[in-house]
Amino acid sequence: MIGWIDTIIQGLLLGGLYALFAAGLSLTFGIMRLINIGHGDLIVLAGYLGIVATDALGLNPFWSLVFVVPAMAVLGYGLQRVVLNRTLGTDILPPLLVTFGLSIILQNLLMQLFSADSRGLNAGPFETASIALPGGLAVGVFPVLIFVTAIAVIGGLQLVFSRTSLGRAFRAASDDRVTAELMGIDNRHIYGLAMAIALAIVGIAGVYLAIRTSIDPTVGPSRLLYAFEAVIIGGLGSLWGTLAGGMILGLAQSIGFRLDPGWGILTGHMAFLAVLVFRPNGLFPKTRDR
Amino acid sequence: MSQSTARYSVERATRASRVGAVVLLVIVAAIVAMPWWAGRADIRTVTEFLYILALAQMWNLLAGYGGLLSVGQQAYVGLGAYSIVVLSLKLGLNVFLAVPLAGLVAALVAVPTAAIVFRLRGAYFAVGTWVVAEIYQLFVANTASLGGGSGLSITNAVRGIPAFWREALTLWFAAAIGIGALVLVYLLLRSRFGLALTAVRDSEPASESLGVNVRDIKWVVYLASAFGCGLVGALIAITKLRLSPDAAFSMDWSVIMFFVVVIGGIGTIEGPIVGALVYFALREFLDGFGSWYLIVLGLAAILVMLTSPKGLWGWFAAKYDIRFFPVQRRLVLGDEAKESAS
C-alpha cells in the first residue's frame with residue numbers, strides 16, 4: 001500500500017517535469033498554432049548548454065541557468081523571426097516540415113559535437129536529498145523543486161496572460177490573427193516574444209533534465225511526445241490544464257513502470273490515446289484548434 | 001455546336017509523357033536484368049533506391065494528395081518487417097511468399113489505427129500517428145518471443161535460398177513495389193478517384209458539398225499507404241537479415257519520406273523520384289562524414305519549403321512545362337479558337 005502511495009506521489013511529481021517540458025509548447029501552440037517538432041531537441045540543446053556552462057564556470061549546475069535561460073530566449077526570438085514566421089499560414093505542412101528539419105539538424109549537430117555518449121549534470125548531495133513524510137514515505141527534494149518551479153512558471157505565465165498588455169496581445173493574436181494585426185499589433189514581433197518565453201522555459205527544463213538524468217542527442221523526440229501529450233491531455237490554450245496533463249501523464253507512466261519496467265512509457269501513451277478518444281479537445285480546453 | 005467543339009480538345013498525354021513511358025520501360029527492363037550484368041553492390045544500391053522510392057511515393061499519396069500528414073508510417077514499416085519474423089521464421093513460410101502477406105498484415109492493423117487517428121485533425125493527427133507508431137514499437141520490444149528490445153536474426157528464414165536468387169528476388173520485389181507504387185499512384189490519380197482525392201486535398205468542405213465521400217477516400221489512401229509501407233518493411237527485413245524494434249520502427253523512415261518528398265516536390269509523381277535521387281547523391285557524396293548528410297538534407301528541406309514549396313520538380317515543371325506523368329486534363333485550343341481569341 002505504501003508502495004502504491006509512493007508510486008502515485010512520484011508520478012505526480014514527475015508530472016511537474018513534463019509540465020515544464022510542455023509549458024513552452026502550450027504557449028506557442030496556443031498562440032500561433034505552431035507545432036514545433038524540434039521542441040524536444042531544443043530541450044536537449046538547453047541541457048548541453050547547461051553542461052558546457054557548468055564545465056566552464058566550475059560552479060553548481062543551477063548557476064548555469066543564468067546563462068542558459070537568456071541564451072535560449074534570444075535563440076527563440078531569432079528562430080521565430082528569421083525562420084518560423086515564414087511558415088505560418090493556413091497550411092500546417094510548412095511549420096511541421098520546417099520544425100521537423102530543425103529537429104533532425106539539431107540532433108545530428110549535437111551528435112557531431114558531443115558524440116552519442118550520454119552525459120549529465122551533477123548537483124551534488126542535493127540531488128539525492130529527501131524529505132521524510134509520515135508513514136515511512138519520503139520525497140526527493142529535487143523532484144519537489146521541479147514541481148514547485150513548474151507551478152511558479154505556469155502561475156507566472158498566467159499572470160502575464162491576464163494582467164499585462166503583452167498578455168492581451170498574446171490572447172488577441174491567438175483568437176484572431178488578422179484582427180489583432182488590424183488593431184496595431186505587430187504579430188511577427190509578438191510571435192517572436194512568445195517563442196522567446198517558450199524557449200526560456202525550455203532552458204530551465206533542459207538544465208533540470210540534465211541534472212535529473214543523463215541525456216544524449218537522441219532523447220529529444222520522446223521529450224517532445226511527452227510535452228505534446230501533456231498539452232493535448234490538458235486542453236489547448238489552458239496553462240493549468242497543461243500542468244494537469246503533465247501530472248496525468250507522469251502518473252500513468254509511474255503506475256506502468258511499477259507494474260512492469262517495460263510498460264511505463266506504453267501506459268503513458270495509452271492514457272494519452274484514451275483522452276483523445278473520449279475527449280478529443282482535451283480535459284480543460286480554453287480555445288479551439290482552427 | 002459541332003463547329004465549336006472542334007475548336008479545342010482535352011489532352012491528357014504530353015510528348016514528355018510518351019517519351020517518359022518508353023524510358024520507364026527501358027529502365028524497368030535494365031533493372032530486371034541486373035542480376036546478370038551488374039555487381040552485387042550496385043544491385044544492393046538499386047534495391048535500396050527502389051524501396052526508398054516506394055516509401056516516398058506512399059507518403060506522397062498520403063500527405064501530398066490525401067492531405068493526411070502522418071508522422072507515423074514507420075509503424076507499418078516495422079509491422080511489415082516483423083511479419084516476416086512471425087510468418088517465415090516462426091511458421092516456416094517462404095520469405096518471398098510472406099512479403100505480400102506482410103503488406104496485408106500492415107493494412108489490417110491500419111484499420112483499427114485509422115479508426116482512432118481519424119478522430120484527430122491537422123497537428124493532432126500528425127503527433128497522434130507518431131504516438132501510435134511508438135505504441136507498436138513498445139509492444140514488439142516487450143514481446144520476448146519476437147526478440148524483445150534487442151532484436152533477433154532472421155538468417156534462418158532465408159536458409160536454403162541461394163544468395164544469387166535471394167538478391168535477385170529482393171531486387172525484383174523492390175522493383176515491383178517501387179515502380180508499381182509509381183504506376184499505381186499515376187493510374188489512381190488519373191481515375192475518377194484521383195479527381196476526388198485532389199479535391200479533398202484542396203478543400204475538404206468544398207469537395208464534401210459536391211458529393212465526394214471524404215471519409216471513404218481517406219480510408220482508402222491510409223490503408224493503401226500502410227500496405228505499401230508493410231511490403232517495404234518486409235523487404236528491408238529480408239535485405240538486412242537482422243531486426244530490432246529500434247531500427248524497424250525507426251523515426252528515420254519518416255525522416256526519409258519527408259525529406260525525399262518535400263525536396264523533390266510534394267503532390268507531384270515525379271517529385272519523389274527527384275527527391276530520392278538527391279537523397280542518394282547526398283548520402284554517397286557525404287559518405288564518411290557521419291551524419292552530416294542528414295544535416296544537409298534537413299537544411300535543404302527547410303530551404304525548399306521556404307522558397308519553393310512545390311519542390312525541385314514543381315519548380316522545374318512550372319518553368320519548362322514538362323510533365324512525365326501528367327494527371328491533369330489540359331485544354332488545347334485549335335487554330336480557329338486561337339484566331340478568334342486573338
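These questions and answers walk through a predicted model.

User: How many helices and strands does chain A have?
Analyst: From the N terminus, chain A opens with α-α-α-α, then β-β. After that come α-α-α-α-α-α-α. The secondary structure of chain A totals 11 helices and two strands.

User: Why can chain A be called as compact as a globular protein of its length?
Analyst: The globule rule gives 19 Å for 290 residues. Chain A comes close to that value, so it is as compact as a globular protein of that length. Its radius of gyration is 19 Å.

User: What share of the residues in chain A is buried?
Analyst: Buried here means 20 or more other C-beta atoms within 10 Å of a residue's own. Chain A has 290 residues. The buried share is 53%.

User: Which helices do the buried residues of H11(A) pack against?
Analyst: Helix H11 of chain A covers residues 264-278. Its buried residues include Ile265(A), Phe272(A) and Leu276(A). The buried residues pack against two helices of chain A and one of chain B: H9 (220-234) and H10 (239-259) of chain A, and H7 (122-141) of chain B.

User: Which element gives the largest share of the largest nonpolar core?
Analyst: This core has 209 residues. Leu20(A) and Ile84(B) are among those with the most contacts inside it. The largest share is 18 residues, and it comes from helix H8 (residues 187-212) of chain A.

User: Which isoleucines does Ile84(B) touch, leaving out residues up to four places away in sequence?
Analyst: Ile84(B) touches several alanines, among them Ala98(B) and Ala234(B). Val95(B) is also a contact. The isoleucines touched are Ile154(B) and Ile238(B).

How values were computed:
Residues numbered from 1 in each chain as written. Chains lettered and ligands numbered in written order. Predicted model: local features only at pLDDT ≥ 70, side-chain atom pairs only at ≥ 80, totals over all residues. Helix = DSSP H or I, 4+ residues; strand = E, 2+ residues; numbered from the N terminus. Rg over C-alpha atoms; globule rule 2.2 N^0.38 Å. Buried ≥ 20, exposed ≤ 12 C-beta atoms within 10 Å, placed from the backbone. Expected span 1.5 Å × (residues − 1). Contact = placed C-beta atoms within 7 Å. Core = buried A, V, L, I, M, F, W, Y, C linked by C-beta atoms within 7 Å.
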